[in-house]
Amino acid sequence: MSTAALPTPSDPAAAPGTPLVVRSVPLEDPGPLLALLPAGLAASEVVSWVRRGEGLVGWGVAAECRTRGPQRFAEAQDWWSAVAAHASVRDEVGLPGSGAVVFGSFPFADDSAEEARLVVPAVTVGRRGSRWWVTTAYAGAGASRLPVVAPAPAPEAPYDVAFADGAQEPVQWAGSVAEAVRRINRGDVDKVVLARDLLAVARRPVDARWVLQQLAARYDTTWTFAVGGLVGATPELLVRRDQGLVTSRVLAGTIRRTGDDVKDLALAGGLARSSKDLEEHEYAVRSVADALAPHCSSMNVPESPFVLHLSNVMHLATDVTGVSADAVSSLGLAASLHPSAAVGGTPTAEAVALIAELEGMDRGRYAGPVGWMDRSGDGEWGIALRCGRIDDDDPRAVRLYAGCGIVAGSVPEAEVAESDAKLVPMRDALTATAS
Ligand SMILES: C=C(O[C@@H]1C=C(C(=O)O)C=C[C@H]1O)C(=O)O
């Protein structure tokens, strides 16, 4: 694990490990959250967790931690507990997300070459309902200067983007799906989620702010996130812990939209009755309910799913809720839920091994938990889906990912089409032009 409390403009000489000084104050409405992100930042300096105009955005780095391997969640938790315990916090707002807050994004696999990224931004702006605030964080002594919080110049569209196949071409990936179906029929696993990647390369660095704004405008029921250069809009909330209430939105079972509302309504009805999709969904709900049960005193697991409509696809969805029965943080809950059967499979260990065998790629932080947490451990963690990773070293390059739950009844060509539909949000965000 490498940790560092990086210098900020207010304290250029801050030494690693210096306690953080954090202050939150109320703000007048400064304009849409995503419009406040300053221009000229590296993608890795931008954080976002925004849904329907509410949530958090941040920039700069007051403290950060990187870690990898099977202990990545525990190490991240230990680092944040120590940072939070030593921080000097003055919170004049007192809402979820005010005060000291950390953002994080974790690799899917224990053996990923990618690191988990934890960051406490130098500046965080939050909105909950009609209340706004700004939080500053810096390492070391020195006077806190309140930053200017105002809409920044609009980002430019990515320039001349070309797409190339990733680890497997669609035909090859269809072969991997067919092999997964054979393994399921042989009894190796009940369900496995297979993903594919795509490489987008622009002629100029991609501005994370552009991607975030495009995604938020089109997918208003999703959480628009950015942490450590991973940018996307996920419809799936792995877990929220908010003052003792635990919530998870489980998705599994998907159908593409046609764009014709009448047809889509009929398709939604078909999805809600499809035994293949209901089976796939049931595995995902079970895996979440089983993982949360030890941490909850009472739970509500609805018997049948509802259909969640997004602009590109519709999903079977179930909101599981519970009352927290222990002190496990939202990150601890996310760690015990990961990987749920929505992105891994059933049984978990066998499915994860099959993913490593058949996908032929490192998922990086795709399909891993992404979100934020405060000092009390409350926070929100989504599953990093419908996303891309802007390359740290070459910000013209973005790797996109999408996956599909495979069960006995899956048809390879249909899964290729479903994965294409799941790539649409990021593809569109990268190829849209300024209006
Ligand atoms: C794996 C992805 O999505 C997951 C798989 C789904 C499915 O197979 O129906 C639906 C929602 C997500 O839980 C993805 O978007 O990459």
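**Ligand shell.** I looked up the surroundings of the ligand in this predicted model and found 17 residues around it. L251, T254, A342, G403 and G405 come nearest to the ligand. I then asked which elements give two or more residues to this shell, and noted β12 (191–201), β16 (245–256) and β24 (397–406). By residue class, I recorded 9 nonpolar, 5 polar and 3 charged residues in the shell around the ligand.

**Annotated domain.** I consulted the UniProt record next; its entry is unreviewed and assigns residues 172–422 to "domain: Chorismate-utilising enzyme C-terminal". For that span I looked up the composition, which is 35% helix and 35% strand. The C-alpha atoms at the two ends of residues 172–422 are 18 Å apart.

**Strand β9.** I turned to strand β9, residues 123–128, and asked how many of its residues are buried. The count is 5 of 6, and I entered the strand as mostly covered.

I looked up the pairing partners of β9 separately. Strand β4 (residues 54–59) runs antiparallel to β9 and is joined to it by 5 bridges. In this pairing I located G58 opposite T124 of β9. With strand β10 (residues 131–139), β9 forms 6 bridges, again in the antiparallel sense. Here I found R127 facing W132 of β10.

**Hairpin turn.** Finally, I inspected the connection between β9 and β10, a hairpin with 2 residues between the strands. I noted that G129 adopts a positive phi near 60° in this hairpin.

Terms used: Residues numbered from 1 in each chain as written. Predicted model: local features only at pLDDT ≥ 70, side-chain atom pairs only at ≥ 80, totals over all residues. Near = placed C-beta within 6 Å. Helix = DSSP H or I, 4+ residues; strand = E, 2+ residues; numbered from the N terminus. Nonpolar A, V, L, I, M, F, W, Y, C, P; charged D, E, K, R; others polar. Buried ≥ 20, exposed ≤ 12 C-beta atoms within 10 Å, placed from the backbone. Pairing = 2+ DSSP bridges. UniProt positions renumbered as here; feature names shortened; annotations may be inferred.
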